[in-house]
Amino acid sequence: MTRPTPRTRGEELLLARISAAAGRARIGRRRATYAGTGQPTPAQAGPLRVIRRLPAFVRYGRSAATKARADARLDLYEHGMTVVIKGRIHVIRYDTTSVFHTSVRPAHDAARAGALGVHTLTDVEGKRVVLYGGPEHSVAEEWAAEVRQAVLRAQLPRALATLDRGERLAFGGIWLTREEIGSAEVAARWPQVRSLGVEHGAVRLDIDGTWHTLAATASTIRNLFVLRALVEHLRTDGGRS
C-alpha cells in the first residue's frame, strides 16, 4: 500500500484560506473538490476529485481564457462554492449568485458541446467569475450540472414565495407573475403557455401553439434554468398558488 505524500506548506496554507473563506460565507461543509494536476490525491486530501485538466478559471473582463493550471481549484460546498486561480479565492453562494451560460459548439464535437461552454457566476462581492469548460466533457458537465442543481434548489422556493406575495420577478427583459409571463413585445396568461425553450440562442415561448421570442440572446438571461423551472411549474398549475 502506497503511503500518501504529505501536503506541502503551501498546500496547507491554501486549504486553510479556502476553509476560512467558506466559513465566513457560511456555505456549509465541503462536498467535492475539482483540482488541476499537482494537487493532492484523494488519499491525501479526503473527498477530493482530481482531474487531469481542470477548466480554466479567470476573472470577468479578461480578454481570453487562461490555460488550465495546476494550481486551479474548485470546491463545492453545501450552500456554495469556492473558486481559486493564481491564489485568489472567490466565494459564491448558491442562494444569491447569478449564473449566465454561453454554449460552445466546436466543429469537432458539435453533438456534445451544448453541455460545455462558459459559465459566468457572481461571487459574494458582486464580482463575476468565469469558468471555461475544458476538453473533458463528462467532467465539465459533472461540476456544471451540480452547480446548476444547487442554485435551482436554493433559489426556486424563494422565487415562488415572491410570486405568492403578488410580486413580479424579472430575468433580464423577461418578467413573470402568478398570472402571466411576458417581455416588452408579448405577454400571455399561464393557461395559454405550452413551453419555454431556447432556439438559435434566443429564448422563445410557445403561446397556444405559436412561438414568440422573449429575448434575442439567451446568454444574457441570469439563471435561465431557474426561469425554465418556474415556467414549467406555473404553466402546469395555471399560476395557482
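The second largest pocket is lined by Arg17, Ala21, Arg24, Ala25, Arg88, Ile89, His90, Val91, Asp123, Val124 and Glu125. This is a predicted model, and the pocket is a good way into it. Its space comes to about 210 Å³. Two elements each give the lining at least two residues: helix 1 and strand 6. Take the helix next.

Helix 1 covers residues 9-25, which makes 17 residues. Does its length come out as expected or not, and what is the span? At 1.5 Å a residue, helix 1 should span 24 Å. The C-alpha atoms at its ends lie 25 Å apart, so the two values agree.

Now look at which side chains of helix 1 are hidden. Leu14, Leu15, Ile18, Ala21, Ala22 and Ala25 are its buried residues. Seen down the helix axis, they fall within an arc of 130°, so they line one face of helix 1. On the other side, Arg9 and Arg24 are exposed. Two of the buried residues, Ala21 and Ala25, are also named in the pocket lining. Arg24, exposed on the other side of the helix, belongs to that lining too.

What do the buried residues of helix 1 pack against? They pack against four strands: strand 1 (30-35), strand 4 (73-77), strand 5 (80-85) and strand 6 (88-93). Strand 6 thus appears again, having already supplied residues to the pocket lining. Just after the helix comes Arg26, whose phi is positive, near 55°.

Salt bridges are the next stop. A search of the whole structure finds nine of them. One joins Arg165 and Glu167, with the closest N and O atoms 3.0 Å apart. Arg165 is exposed, because its relative accessible area is 54% and exposed means over 50%. Glu167 has 36%, so it counts as partly exposed.

Other salt bridges share partners: Arg30, Arg73 and Asp75 are joined in this way into one network. Within that network, Asp75 and Arg73 form a salt bridge whose closest N and O atoms are 2.7 Å apart. Are these two residues buried or exposed? Both Asp75 and Arg73 are buried. Arg73 sits at the start of strand 4 (73-77), and Arg30 at the start of strand 1 (30-35).

One more pair ends the tour. The side chains of Asp95 and Arg93 meet in a salt bridge, at 3.0 Å from N to O. Asp95 has a relative accessibility of 21%, so it counts as partly exposed; buried would mean under 20%. Arg93 closes strand 6 (88-93), the strand that helps line the pocket.

Conventions:
Residues numbered from 1 in each chain as written. Predicted model: local features only at pLDDT ≥ 70, side-chain atom pairs only at ≥ 80, totals over all residues. Heavy atoms only, no water. Salt bridge = Lys/Arg side-chain N within 4 Å of Asp/Glu carboxyl O. Buried < 20%, exposed > 50% of the residue type's maximum accessible area, 1.4 Å probe, protein only. Expected span 1.5 Å × (residues − 1). Arc of directions from axis to C-beta. Contact = heavy atoms within 4.5 Å. 1 Å grid on protein atoms, 1.4 Å probe; cavity = no way out; pocket = protein on both sides within 12 Å on 5 of 7 lines; lining within 4 Å. Points joined across faces, edges and corners; volume = space filled by probe spheres on them.
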